[in-house]
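Work through the exercises below with the sequence and the model open. Each task is followed by a solution in steps.

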Amino acid sequence: MSNSCSCHAQLTPDHLAEVDRILESYRGQPGSLIQVLHKAQNVIGYLPREVQVKVAEKLDVPLTRVYGVVSFYSLFTTKPKGRHKIHVCAGTACYVRGANQLLNKLEEDLQVKPGDTTEDGKFSVDVVRCLGACGLGPVVTVDDDVYGRVHTGKLADILSKYDKE
Amino acid sequence: MEMYRSHVLVCAGAGCISSACKAVQSALQENIDQYGLAKEVKVVETGCMGPCDLGPVVMIFPDGVFYRKLKPEDAAEIVSEHLLKGKVVTRLLHRQPGDPDQVTSFDQLDFFKRQTRIALRNTGIINPESVEEYIARDGYRALGKVLSQMTPQQVVDTIKGSGLRGRGGAGFPTGLKWELTARAAGNPKYVVCNADEGDPGAFMDRSILEGDPHSVLEAMAICGYAIGSSKGYIYVRAEYPLAVERLETAISKAREYGLMGENIFGTGFNFDVEIRVGAGAFVCGEETALLASIEGKRGEPRPKPPFPAQEGLWGKPTVINNVETFANIPPIILNGAEWFASIGTEKSKGTKVFALAGKVNNTGLVEVPMGTTLREIIFEIGGGIPGGKKFKAVQTGGPSGGCIPEEYLDTPVDYESLTKLGTIMGSGGMIIVDEDTCMVDLAKFFLEFVQEESCGKCSPCRIGTKRMLEILNRITSGQGREGDIELLEELSRGIKDSALCGLGQTAPNPVLSTLRYFRHEYEAHIRDKKCPAGACRDLLTYYINPELCRGCGLCAKECPAGAITGDKKKPHVIDAAKCVKCGTCEQKCKFNAIITV
Ligand SMILES: Cc1cc2nc3c(=O)[nH]c(=O)nc-3n(C[C@H](O)[C@H](O)[C@H](O)COP(=O)(O)O)c2cc1C
Ligand code: SF4
Ligand code: SF4
Ligand code: SF4
Ligand code: FES
Ligand code: FES
């Protein structure tokens, strides 16, 4: 598989071993496909084809079904993400408080479209629909950090916190 | 259980996390340790207390003192004055508008005083990770009561008699749903909790799961007993990792205490719960799609009937209820059907939790009796509109609902009254918008949402919403044509009549409802190419008011298009032909000289 993206996430033998372990722990449990894919994506950061094939084999479901599930749910991704994941909430509460302006600014500053990763693989930007912190909208998260009442003037400050790797 | 003389409750709901409550919490703990109070005072993380806008918030018990907008620097004073000397730190209390005396105790604050908390009875005031605290507040007593004193039919009858209706959106009578499932042929049966909370802008269910997870588990077990099921699933959206964590902790604690698992209370009743995490598909909140997703499949809805009560999870009879619906069950069992039925309106009993968000002062969670008016919720509890702006509308029911304009603010809220106004109760999200929000743009926002979330299985929804969105895009960019409104109405009718599931059937609602109350805004976009709210970028013209402009030149320096010119200390002007409508100048001008017309 060619990896034309400049991101650093790479599939390693360790990853595959970990996926094996996950699959083992779900053996014989009906309906575990989505939960397995969650765990695999947590480990690797995305769901490359090799992993989907492995999951299909071990859970004994057709590959088309695994692929169908991965493509159906928006949180599953087959593309590697950036080292830092930015999520901009575009739920209703954040929208009426200006989430769109934030997103525009972010696209402009980082030169990325939602769903993509910056050239240097540092940030990926995604849009989510409500993080449940609506009272403090607009809400932006970077990795596990949550920022409330964000406005365009605050973005640079927030991103600079992720300068040191 | 250790005895502490004081509990410091730190709200760790999503709102407060985003206003940095964790730093406040560690500062409090550090100071408590430094003053040697660690054995007397316990710091506890709770779920959302409600007034998210005031976060980070802290309550100190036993006195119930409520501190708001805390910074880590405030911790030392709270510990040295309040916890050590018993002196309330008045500067950190919430000052209520028009109230000369500062109220110290949380239950005297207007925001709490006007609420009736049944589903939220514990949220924000107990440690969600402690089953002991839940038990201390009557937790698992309702389960004990049904197992030892009631027959399954009596449980069903109690729920029926209470008049409880589903809080997930449709308002179906809960007792009836349980009865149908109990009577359905098929084994095993399942209890499913819908914790997908898809309405973007709503966070009631999240707060209950994070603040009082045992209330849902207890209710699911009660349901299991009533319908003859020993297995439950909670389907939680993946965007709520803390809720998942709290539920996992709660489940293992409940198992440890023999409140879940085999032979509960030694009565021979078995019940266990498993968590399933969603993966970011709004349509999975629809019950048949949710069941497909639990089975590990694509979350596509299927036609009903058969209803889940007959053929649900793995084709077996299944009760599926919303988180808040379940949270109401234990108090109904303990206090009786008549008690619950005495609260609310004729056809809508009990309370409803609402998530206030958008352009309202007190954003947060409130629980009020059914029949409370919108004005009380938005203005008296919610504190009205910030920044001296004018209230325009409130959107209920999310993407499936509609908006309510000012003239209906005195409507008592229940399932029926909202339907009559052309919207729905929905799950309880209330998005308040002010004069700056364009209603056409808002309708477009919801349509974009459903267009993105449509599973694509049936064409009225997939293609119809796309056509509607194209028209709205045209209208908001100044390309609207005569006849567009009629076309929108015609498409809406078509989609409502022929879409397969609730997502499609309700998708046109935001358009229909804004057309009903704000038709003039559509007409202004189409005929005059103007956006009355000044929100649709393509229809704006930036203009410098020469009377206010001081000629400071800042805007000209910042304008990316080089559209602004003028001599120093003289009013500047914008060349409309060059302006790309980025809005930078408006933000930069310190004299509010730049306006949009
Ligand atoms: C598109 C769509 C999305 C829905 N999303 C939710 C949801 O997020 N949470 C929920 O409890 N019910 C949701 N529902 C309603 C469920 O289908 C179902 O009616 C509900 O879970 C039943 O529980 P209740 O009777 O306790 O309300 C949704 C329905 C539709 C059509
Ligand atoms: S109405 Fe929409 S979401 Fe529902 S089944 Fe049809 S395409 Fe899917
Ligand atoms: S920033 Fe405001 S005051 Fe200054 S030149 Fe521009 S419009 Fe005039
Ligand atoms: S809106 Fe942007 S492009 Fe237009 S005048 Fe102002 S700064 Fe220049
Ligand atoms: S709408 Fe943004 S957090 Fe809910
Ligand atoms: S999150 Fe703290 S009050 Fe709502």
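**Exercise 1. A loop residue with an unusual backbone angle**

Task: Find where A:D143 lies, state the sign of its phi, and classify its exposure.

Solution. This is a predicted model. Step 1: A:D143 sits in the loop between strand 3 (140-142) and strand 4 (145-147) of chain A. Step 2: its phi is near 50 degrees, a positive value in a residue that is not glycine. Most residues other than glycine have a negative phi. Step 3: the relative accessible area of A:D143 is 32%, so the residue counts as partly exposed, since that class lies between the 20% and 50% cut-offs.

Task: Repeat the exercise for B:E197: where is it, and is it buried or exposed?

Solution. Step 1: B:E197 is placed in the loop between strand 5 (190-195) and helix 9 of chain B. Step 2: phi of B:E197 is near 30 degrees, again positive and again not in a glycine. Step 3: with a relative accessible area of 5%, B:E197 is buried.

**Exercise 2. Cis peptide bonds**

Task: For the bond from B:G55 to B:P56, give the omega angle, then place the proline in chain B.

Solution. Step 1: omega is near -5 degrees, and the bond is cis. Step 2: B:P56 belongs to the loop between strand 2 (41-46) and strand 3 (58-61) of chain B.

Task: Do likewise for B:K304 and B:P305.

Solution. Step 1: these two residues are joined by a cis peptide bond with omega about -10 degrees. Step 2: B:P305 is in the loop between helix 12 (287-294) and strand 9 (318-322) of chain B. As background, most peptide bonds are trans.

**Exercise 3. Salt bridges**

Task: How many salt bridges does the structure hold over all chains, and which parts of chain B does the pair B:R91 and B:D74 tie together?

Solution. Step 1: the count over all chains is 45. Step 2: the side chains of B:R91 and B:D74 form a salt bridge at 3.0 Å, N to O. Step 3: B:R91 is in the loop between helix 3 (75-85) and helix 4 (110-113) and B:D74 in the loop between strand 4 (65-67) and helix 3, so the pair links parts of chain B that are 17 residues apart in sequence. Step 4: B:R91 is partly exposed at 47%, whereas B:D74 is buried at 8%.

Task: Describe the spacing of B:K85 and B:E81, and of B:R206 and B:E210.

Solution. Step 1: B:K85 and B:E81 meet in a salt bridge of 2.9 Å, N to O. They are four residues apart in helix 3 of chain B, so about one helical turn separates them. B:K85 is exposed, with a relative accessible area of 51%. Step 2: B:R206 and B:E210 also pair at 2.9 Å, N to O. Both lie in helix 9 (residues 204-211) of chain B, four residues apart, about one turn of the helix. Step 3: B:R206 is buried at 7%, and B:E210 is buried at 1%.

**Exercise 4. A helix and its end**

Task: How does the span of helix 10 of chain B fit the expected value, and what follows the helix?

Solution. Step 1: helix 10 (residues 213-227) has 15 residues and reaches 22 Å from its first C-alpha to its last, close to the 21 Å expected at 1.5 Å a residue. Step 2: 15 of the 15 residues of helix 10 are buried, so the helix is largely enclosed by the rest of the structure. Step 3: B:G228 follows helix 10, with a positive phi near 80 degrees.

**Exercise 5. A buried glycine**

Task: Locate B:G401 and list its contacts beyond four places in sequence.

Solution. Step 1: B:G401 lies in the loop between strand 12 (391-396) and strand 13 (402-405) of chain B. Step 2: its relative accessible area is 0%, so B:G401 is buried. Step 3: leaving aside neighbours within four places in sequence, B:G401 contacts B:Q395, B:T396, B:T423, B:I424, B:N509 and B:P510.

Technical notes
Residues are numbered from 1 along each chain as its sequence is written. Chains are lettered from A and ligands numbered from 1 in the order in which they are written. This is a predicted model: local features need pLDDT of at least 70, side-chain atom pairs count only at pLDDT 80 or more; totals for chains, interfaces and linings use all residues. Side-chain values use heavy atoms; hydrogens and water are left out. A salt bridge is a side-chain nitrogen of Lys or Arg within 4 Å of a carboxyl oxygen of Asp or Glu. Helices (H or I, at least four residues) and strands (E, at least two) are DSSP runs, numbered from the N terminus. Buried means under 20% relative accessible area, exposed over 50%, partly exposed in between (1.4 Å probe, protein chains only). The expected span of a helix is 1.5 Å times one less than its number of residues. Contact means heavy atoms within 4.5 Å.
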